[in-house]
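Have the model open in a viewer with a cartoon display, and keep the selection panel within reach. The stops below say what to pick and what to look for.

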Amino acid sequence: MPVLNPVERTALLTAALRAAETCRPDRLYEDPYAAGLAGDEGPDLLAEIRAATYPPDRPRSLPSTPDYNAIRTRFFDDLLQDAARAPETTQIVLAPAGMDSRAYRLSWPDHLRYFEIDRPSVLDFKAERLRGVPPRIDHRTVAVDLTDDDWEDRLEAAGYDPTVPSTWLLEGLLYYIPEADSRRMLERVAAISAPGSRIAADIVNRAALTLPHMQGLLDVFAGWGCPWVFGTDEPEALFAQYGFDVRAIQPGDPDADYGRWPDPVPPREVTGVRRVFFVHGRRR
């Protein structure tokens, strides 16, 4: 099995969370490939998260990672499917791809190309786990590290056309990389996204990185070697700097609840509270 780096362990965690969600009678989606993609390590990672989130001796104070992940997956499922129905959308890009199986578990229009960018070790692991399962779309992998200088060239070599609108999903990425790298990522995506292209991402606020009651969850990720290092209180302004007009909503808001978010959603003007944002919008 390829050696995965610390951040890529979170891809196995996500697969394990999706497998657990699939087993629920009230599931928000069904991912029949998640259990296989989680591998042997994914369930152990999920057990660590559950132990930190639901301590036996006191009430939960951390955000519910299973509910968050279920809402995030369903929200981005719906967003990508909505984008795919637009006739001007001919290409979707997942960066990074991780253990995502949307190309295999969702139905897609025939006119789409679907690109997954990630390190060779991740894509090799995933291909082995999905051996014999055909994608349900024109599926193209780009085996390259997103910190490399030439991933845009490699993407274009795989058939990506920067002159026509695209849809980008940056899921589970921005809070794991330093601010300078997050900004550079948005800059690079903007540079190869035609006007009208869509973008979606998740990102935390600054308080989520430092609040004492978040420490239990932060310690788990730091212990895996992938601490949360970047957050912003103004995601709209951040994305606007790179030519994207976006809306940022939070789990529990009317458009991102699905009857599953268990905590209050403080108004944006309230400070000193943890937040996660689902950011989505278009390139000017």
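Begin by selecting Thr167, which stands opposite Arg198 in β5. The coordinates are those of a predicted model.

**The pair β4 and β5**

Extend the selection to strand β4, residues 167–170, and strand β5, residues 198–204, which pair in the parallel sense over 4 bridges. A second pair to pick out here is Leu169, whose bridge partner in β5 is Ala200. Now add helix α8, residues 179–191: β4, α8 and β5 make a right-handed β-α-β unit.

**Strand β5 on its own**

Hide β4 and α8 and keep β5. Is this strand buried or exposed? Of its 7 residues, 7 are buried, so β5 is largely enclosed by the rest of the structure. Show the side chains to see that both faces are covered. Arg198, Ala200, Asp202 and Val204 are on one side, Ile199, Ala201 and Ile203 are on the other, and all are buried.

Next, bring in β7. It pairs with β5 in the antiparallel sense over 7 bridges. To find the register, select Ile203, which stands opposite Phe277 in β7.

**The whole sheet**

Strands of a sheet pair through backbone hydrogen bonds, either parallel or antiparallel. Display all the strands of the open sheet: there are 7, in the order β3-β2-β1-β4-β5-β7-β6, and the pairing is mixed. At the edges are β3 (138–143) and β6, each of which pairs on one side only. Neighbouring strands of this sheet are turned by 20° against each other on average, direction ignored. Add helix α6, residues 120–129, which packs on the sheet and touches β2 (113–118) and β3. The direction of α6 makes about 120° with that of β2.

**Arg188 in α8**

Go back to α8 and select Arg188, which lies in this helix. Its relative accessibility is 7%, under the 20% limit, so Arg188 counts as buried. Which residues is Arg188 in contact with, leaving aside its neighbours within four places in sequence? They are Leu146, Thr147, Asp148, Asp149, Asp150, Trp151 and Glu152.

**Helices α4 and α1**

Select helix α4, residues 65–85. With 21 residues at 1.5 Å a residue, α4 should span 30 Å, and its end C-alpha atoms are 30 Å apart, which agrees. Colour α4 by accessibility: 16 of its 21 residues are buried, so the helix is largely enclosed by the rest of the structure.

Then add helix α1, residues 6–22. The axes of α1 and α4 come within 10 Å and cross at roughly 90°; the two helices are therefore roughly perpendicular to each other. On the α1 side, the contact is made by Thr14, Leu17, Arg18 and Glu21. On the α4 side, it is made by Thr65, Pro66, Asn69, Ala70, Arg72 and Thr73.

**Two backbone details**

Most residues other than glycine have a negative phi, and most peptide bonds are trans. The last two stops depart from these patterns.

Select Ala95 and Pro96, which are joined by a cis peptide bond with omega about 0°. Pro96 is in the loop between β1 (91–94) and α5 (102–105).

Finish at Tyr258, in the loop between β6 (244–249) and β7 (276–283). Tyr258 is not a glycine, yet its phi is positive, about 55°. At 28% relative accessibility, Tyr258 counts as partly exposed.

Technical notes: Residues numbered from 1 in each chain as written. Predicted model: local features only at pLDDT ≥ 70, side-chain atom pairs only at ≥ 80, totals over all residues. Heavy atoms only, no water. Buried < 20%, exposed > 50% of the residue type's maximum accessible area, 1.4 Å probe, protein only. Pairing = 2+ DSSP bridges. Axes fitted to C-alpha atoms, helices over the stretch in contact; angles between N-to-C directions. Contact = heavy atoms within 4.5 Å. Expected span 1.5 Å × (residues − 1). Right-handed = clockwise from strand over helix to strand, strands pointing away. Parallel < 35°, antiparallel > 145°, perpendicular 65-115°, else oblique.
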